[in-house]
Amino acid sequence: MRTIVDAAYTGGNKSALSVKKPKVVFVLGGPGSGKGTQCANIVEHFGYTHLSAGDLLRAEINSGSENGTMIQNMISEGVIVPPEVTIKLLEKAIMESENDKFLIDGFPRNEENRAMFESVTGVVPEFVLFFDCSEEEMERRLLSRNQVAKWVGRVWSWVRWGNGQTWFEPKCGRVDDNIDTIRKRFKVFVDSSLSVINYYNSKGKVKKIDAGKPVAQVFEAVKAVFTPIDDKAAA
Ligand SMILES: Nc1ncnc2c1ncn2[C@@H]1O[C@H](COP(=O)(O)OP(=O)(O)O)[C@@H](O)[C@H]1O
Ligand SMILES: Nc1ccn([C@@H]2O[C@H](COP(=O)(O)OP(=O)(O)O)[C@@H](O)[C@H]2O)c(=O)n1
Ligand SMILES: [Mg+2]
């Protein structure tokens, strides 16, 4: 059965989002710049729903969908998945939510993502939050995210098997948080994603945050962006 979301891709019909008209903020920045971490804070303080494009794609792999193998291969290589796949997942998540305010994290990652999202859904972002961070710092964070995931896996298998000698090295963490794929993801960010940030910058929509600082300090800067002007005057 054709759903209203499918209809958006089969020509002629209006996208479901052009009817819902959600308020959208794009959250962009290199891999490891802290998008997911700060989105969790924004959700808590400002009532947005967080949609991570990467998380939606990983959930699609785990659901056993027909696109799963293709997505898995592309993520392992650090390349960008065809936009119709990612947009469909975002549209579905937005339509299934009762909220009307969304942080879209890690999307659009190239011009094709951006142009198709705007033309299919008719939605333009309120603004774009850009986490600016050096590659050295992002690399450190991603490798440490991988280490933390591995230790969590080891402890989990220790608890599960009840002895210190695990029978297997658990496969934990993200397949793309290894140094080779991290470097490829940095290259994709510079070659393809920065142009999206430049595009929105030319429209005066980019709020740039220095993301190289500790989490709490980054969030202070983020809060200033989200706090309405009236509230700032009253504070
Ligand atoms: N400001 C920060 N300082 C140090 N580490 C951070 C900071 N923000 C996030 N991290 C850590 O860096 C890693 C990547 O953060 P994450 O939010 O997943 O980034 P992204 O979604 O942009 O890849 C995580 O392990 C996270 O705990
Ligand atoms: N718009 C998007 C977002 C993610 N992805 C894929 O998902 C991977 C992980 O994205 P992510 O946003 O979870 O990664 P981080 O920037 O959070 O580290 C990317 O390297 C791409 O392979 C994509 O193809 N298109
Ligand atoms: Mg992330």
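Guide: Let's start with burial: a residue is buried under 20% relative accessible area, exposed over 50%, and partly exposed in between (1.4 Å probe, protein chains only). In this predicted model, local features need pLDDT of at least 70 and side-chain atom pairs count only at pLDDT 80 or more, while totals for chains, interfaces and linings use all residues. Residues are numbered from 1 along each chain as written, chains are lettered from A and ligands numbered from 1 in the order written, and side-chain values use heavy atoms, leaving out hydrogens and water.

Visitor: What percentage of the 235 residues of the protein count as buried?

Guide: Here, 41% of the 235 residues are buried.

Visitor: Which residues are closest to ligand 2?

Guide: A residue is near a molecule if one of its heavy atoms lies within 4 Å of it. Ligand 2 is surrounded by 19 residues, and the closest are Lys35, Arg58, Val79, Val81 and Arg185.

Visitor: How should I read polar contacts, and what lies 2.7 Å from an oxygen atom of ligand 2?

Guide: With a ligand, look for a pair of N or O atoms within 3.5 Å. At 2.7 Å from a ligand 2 oxygen atom is a backbone N or O atom of Val81. Arg174 places a polar side-chain atom 3.1 Å from an oxygen atom of ligand 2, and a side-chain N or O atom of Asn113 is 3.2 Å from a nitrogen atom of the ligand.

Visitor: How much of ligand 2 does the protein bury?

Guide: Accessible areas come from the Shrake-Rupley method with a 1.4 Å probe. Alone, ligand 2 exposes 540 Å², and the protein buries 96% of that.

Note on methods: A polar contact is a pair of N or O atoms within 3.5 Å; within protein, one must be able to donate a hydrogen and the other to accept it, and residues adjacent in sequence count only if both atoms are side-chain atoms.
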